[in-house]
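Biologist: I would like a close look at one part of this model, the loop between two of its strands. Please take that loop and then follow its links outward to the rest of the chain.

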Amino acid sequence: MWTRTWWDGDGTLTVGADSGAGPRQVPLRIAASYRARTRGLLGRDGIDGALLLTPCGSVHTFRMRFPIDVAYLDRRLTVLAVRTMPPGRLGLPRLRARHVVEAEAGAMERWGVRPGVRLELRASDAA
């Protein structure tokens, strides 16, 4: 079985590496510790790129200042579902979801993130 241990830090999200259109590289912040996952995007006015919460199967947007796109990923980093959530909402837990990627609303569509797409996540060497 494929496993990966994640640490808090920076990285890169690659979308469409297996498509003919060419891959899209997105800056990524990794939140793997309990403290970083709990903090998430709370208290921010926006985000450049995306935030990976791992392990994570559901999210909420209580006390958030802006709407977000949420992509639920399985263990192999395949997108199970993508949802846009306005502030003040509770997302239902997703069966088989192991990771969640969050970004500003509309970003996932621009990047081509949709169900069935497999993402590549790479932590920076310093992490």
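Modeller: What follows starts with the loop between β3 and β4 and then moves outward to its partners.

This is a predicted model. Strand β3 covers residues 50-53 and strand β4 covers residues 68-73. Thr61 sits in the loop between them. Pro55 belongs to that loop, and so does Arg65.

Begin with Pro55. The peptide bond between Thr54 and Pro55 is cis. Its omega is about -10°. Most peptide bonds are trans.

Next comes Thr61. Is Thr61 buried or exposed? Thr61 has a relative accessible area of 0%, and under 20% means buried, so Thr61 counts as buried. What does its side chain meet? A polar atom of the Thr61 side chain lies 2.6 Å from the backbone oxygen of Pro86. Contacts beyond four places in sequence take in Ile68, Met85, Pro86, Pro87, Gly88 and Arg89. Met85 falls within β5, which spans residues 79-85. Ile68 falls within β4, residues 68-73.

Now Arg65. The side chain of Arg65 forms a salt bridge with that of Asp45, at 3.0 Å from N to O. Asp45 lies in the loop between α1 and β3, and Arg65 in the loop between β3 and β4, so the bridge ties together parts 20 residues apart in sequence. Both ends are open to the outside by the numbers. Asp45 is exposed, with a relative accessible area of 62%. Arg65 is exposed too, at 53%. Side chains of opposite charge can pair when their charged atoms come close.

Leu42 gives another link between these two loops. Leu42 is in the loop between α1 and β3. The C-alpha atoms of Leu42 and Arg65 are 7.7 Å apart, with their positions 23 residues apart along the chain. Leu42 touches Phe62, Arg63 and Met64, leaving out residues up to four places away in sequence. Unlike Arg65, which is exposed, Leu42 is buried, with a relative accessible area of 13%.

Go next to the pocket. The largest pocket holds about 210 Å³ of space. It is lined by 14 residues, and those closest to its centre are Arg37, Thr38, Leu53, Val59 and His60. Helix α1, residues 34-39, gives the most to this lining, with three residues. By type, the lining has seven nonpolar residues, four polar and three charged.

Ala31 shares some of these surroundings. Ala31 lies in strand β2. Ala31 is buried, at 2% relative accessibility. Setting aside neighbours within four places in sequence, Ala31 is in contact with Asp8, Ala36, Arg37, Leu51, Leu52, Leu53 and Thr54. Two of these names, Arg37 and Leu53, return from the group closest to the pocket centre. Thr54 returns from the cis bond with Pro55. By contrast, Leu80 stands apart from Ala31: their C-alpha atoms are separated by 20 Å, at 49 residues along the chain.

Strand β2 also carries one end of a salt bridge. How many salt bridges does the model have? The count comes to two. Asp45 with Arg65 is one of them. Arg29 with Asp10 is also a salt bridge, at 2.9 Å from N to O. Arg29 is in strand β2, residues 24-31, and Asp10 is in strand β1, residues 9-15. The two are 19 residues apart, and the pair links distant parts of the chain. Arg29 is partly exposed, with a relative accessible area of 35%. Asp10 is partly exposed as well, at 41%.

Two backbone angles remain, both outside the loop you asked about. Most residues other than glycine have a negative phi. Leu77 has a positive phi, near 70°. Leu77 is in the loop between β4 and β5. Leu77 is buried, with a relative accessible area of 7%. Arg96 also has a positive phi, near 75°. Arg96 lies in the loop between β5 and β6, the latter covering residues 99-104. Arg96 is exposed, at 60%.

Back to the loop, then. Pro55 takes part in the cis bond, Thr61 has a polar atom 2.6 Å from the backbone oxygen of Pro86, and Arg65 pairs with Asp45.

Note on methods:
Residues numbered from 1 in each chain as written. Predicted model: local features only at pLDDT ≥ 70, side-chain atom pairs only at ≥ 80, totals over all residues. Heavy atoms only, no water. 1 Å grid on protein atoms, 1.4 Å probe; cavity = no way out; pocket = protein on both sides within 12 Å on 5 of 7 lines; lining within 4 Å. Points joined across faces, edges and corners; volume = space filled by probe spheres on them. Helix = DSSP H or I, 4+ residues; strand = E, 2+ residues; numbered from the N terminus. Nonpolar A, V, L, I, M, F, W, Y, C, P; charged D, E, K, R; others polar. Buried < 20%, exposed > 50% of the residue type's maximum accessible area, 1.4 Å probe, protein only. Polar contact = N/O pair within 3.5 Å; in protein donor to acceptor, adjacent residues only side chain to side chain. Contact = heavy atoms within 4.5 Å. Salt bridge = Lys/Arg side-chain N within 4 Å of Asp/Glu carboxyl O.
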